[in-house]
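Reader: I am new to this structure. Could we go through it in short questions and answers?

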Amino acid sequence: MTGQGLFIGGRWEQTDASRPTFDRWTGEPTGHVAVASAADAVRAVDAAAAAMRTAFPVADRARVLAETARLVETRSEALAQLITAEVGKPITASRAEVGRAAETLRTCAEEARRLPSETVPLDAVPAGEGTFAFTIPTPMGVVAAITPFNFPLNLLLHKVGPAIAAGCAVVVKPSDHAPRTAGFVADLLHEAGLPAGWIGIVTGPPAEIVDALQSDDRVEVVTFTGSSEVGWRLKESAPKKHHVLELGSNTALVVAADADLARAARAATDAALGNSGQACVSLQRVYVERPAADAFIDALAAAVAASPVGDPRDERTVVGPLITGTAVDRLSEWIADATADGARLVTGGGRDGDVLAPTVLADVAAQSPLVCEEAFGPVVSVVPVDDLAAALDAVNASRYALNTAIYTSDLATAMWFAREAEAGSVLVNMPPSFRADHMPYGGVKDSGQGREGVKYAIDALVRQRLVVLHP
């Protein structure tokens, strides 16, 4: 067993208080992590602010990020095993996350070398005659990054990597469920040559630490991935700060009667069960045209029922334990309430400890939490609709709008849906859970504000300073 302290000013330090950590699947103790105070969070900001007063040229930032990508690849199995131990993610999914993380860092290194700037044609107006103007990208300041448990490596790097590329030091408050993965990242960045203070890791009571970060005037940007309720409270409590919020969703898929139903069912299975359903873009509700409903439900149920569950270290496992037993309790209650209200349980619904059996329900009421709230587990609800207009209305009725998708063989239908669906991203004949790490990613409505995806995250972390020359 090992102990992890706080990473402040380029070194690890212990605190008077610590808490134990446990293997998510076996329950065995794995060590302990430090419990920070608000004062510790302020010291991390002190170190970050001091670091930014010393030059860290773009070429050096790019080199550190590229070297960290290489180190992630050399430590890939250790990282994957750590993710599985901390959060119970199936090992094949953990390995995939590590691979994505290396690519995220590599893209950050590339984008650091092409920070955006432009010339401004001031002579387009008479007052600007004889002038020359251009913009200089300047870092906004210290970044506070609040990261989730479900992708504890890659989503952390989607905040840390762009911050470093933009020239912003970053203080991370990682999920309480995955503090050691964040610590591993700090060690790799330090090994790659990141100067002291450019990353801090502060573990401890979320409210106390986040309040300290939000109330510090030197923290210019708060980037958060998590629930909508928490995200909007952060925005409300510090409205003058720049917030990037990647929040919840209840992702929808539309299946047209002319779709390739077997292909749609396979994609829906992957989108609903990937990461045990614990992703903001996990498929939660499907609206299928009535003529295709029975065939689609049968194909989906067969694929879902055949998905292996259990030990996340078994390479066959698709669905492992949810992050807490409380999460399983909540979903079990929602399933029971939905069936009591007339929904049909097609497959699944049971539990084995903290593993919820992959579940398909049909004819779920629109007011069911399984449809209108964020489930965050391996549960998908199928609702037959009379036509695609009704499907679109149901998709857009949600207060969430992150990703959505449609399966159809008709291009006109696809383009109509892309224009009319309220979402951050619309995917056609692809699972709505798809994300490439360099694409713009983010939602509207209660699903957040701002965009991640390396270039787009960097854009949110720099200010364009205008320089005007008059010879």
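Reader: In strand 19, which residue is the bridge partner of Leu-361?

Author: This is a predicted model, so everything here is read from predicted coordinates. Strand 18, residues 359-362, pairs with strand 19 in the parallel sense over four bridges. Leu-361 has its bridge partner in strand 19, and that partner is Ser-381.

Reader: Strand 14 and strand 19 also pair. Which residue of strand 19 does Tyr-287 stand opposite?

Author: Strand 14 covers residues 285-289. Its pairing with strand 19 is parallel and runs over five bridges. Opposite Tyr-287, in strand 19, stands Val-383.

Reader: How many residues of strand 19 are buried?

Author: Take the two faces in turn. On one side, Val-379, Ser-381, Val-383 and Val-385 are all buried. On the other side, Val-380, Val-382 and Pro-384 are buried too. Strand 19 is mostly covered, and the count of buried residues is seven of seven.

Reader: The structure holds five aromatic pairs. What kind of pair do Phe-149 and Phe-376 form?

Author: The ring centres of Phe-149 and Phe-376 are 6.0 Å apart. Their planes stand at 80°. An angle over 60 degrees sets the class, so this pair is edge-to-face.

Reader: How many residues apart are Phe-149 and Phe-376?

Author: Phe-149 is in the loop between strand 8 (142-146) and helix 5 (154-166). Phe-376 is in the loop between helix 12 (369-372) and strand 19 (379-385). The pair links distant parts of the chain, and the separation is 227 residues.

Reader: Is Phe-149 buried or exposed?

Author: The cut-off for buried is under 20% relative accessible area. Phe-149 has 15% relative accessibility. Its partner Phe-376, with 18%, is buried. At its own value, Phe-149 also counts as buried.

Reader: Which helix gives the largest share of the lining of the largest pocket?

Author: The largest pocket has a volume of about 1000 Å³. Of its 37 lining residues, the closest to the centre are Phe-149, Phe-224, Gly-226, Ser-227 and Val-230. Helix 7 (206-215), strand 11 (219-225), helix 8 (228-237) and helix 11 (325-340) each supply at least two lining residues. The largest share is six residues, and it comes from helix 8.

Reader: How many charged residues are in the lining of the second largest pocket?

Author: The second largest pocket has a volume of about 590 Å³. Its lining has 30 residues, and those nearest the centre are Arg-100, Phe-151, Asn-275, Ala-279 and Ser-433. Helix 4 (91-112) gives the largest share, five residues. By class, the lining has 15 nonpolar and eight polar residues, and the charged ones number seven.

Reader: Over which ring does the charged end of Lys-89 sit?

Author: Two lysines are placed in this way. The charged end of Lys-455 sits over the ring of Tyr-456, 5.0 Å from its centre. For Lys-89, the charged end is 3.8 Å from the ring centre, and the ring is that of Phe-151.

Reader: Three strands form an open sheet in the order 6-7-25. Which strands stand at the edges?

Author: The pairing in this sheet is antiparallel. Strand 6 and strand 7 (residues 132-139) pair over two bridges, and Val-120 has Ala-133 of strand 7 as its bridge partner. An edge strand here has a single partner strand, so one side of it is left without a neighbour in the sheet. The edges are strand 6 (119-120) and strand 25 (462-469).

Key
Residues are numbered from 1 along each chain as its sequence is written. This is a predicted model: local features need pLDDT of at least 70, side-chain atom pairs count only at pLDDT 80 or more; totals for chains, interfaces and linings use all residues. Side-chain values use heavy atoms; hydrogens and water are left out. Rings of Phe, Tyr and Trp (its six-membered ring) pair if their centres lie within 6.5 Å; planes under 30 degrees apart count as stacked, over 60 as edge-to-face and the rest as tilted. Buried means under 20% relative accessible area, exposed over 50%, partly exposed in between (1.4 Å probe, protein chains only). A charge sits over a ring if NZ of Lys or CZ of Arg is within 6 Å of the ring centre and within 35 degrees of the ring normal. Two strands pair if DSSP finds at least two bridges between them. On a 1 Å grid over the protein atoms alone, a cavity is a set of points where a 1.4 Å probe fits but cannot get out, and a pocket is an open set with protein on both sides within 12 Å along at least five of seven lines; lining residues have an atom within 4 Å of a point. Grid points are joined across faces, edges and corners, and a volume is the space filled by probe spheres set on the points. Ala, Val, Leu, Ile, Met, Phe, Trp, Tyr, Cys and Pro count as nonpolar, Asp, Glu, Lys and Arg as charged, and the others, Gly among them, as polar.
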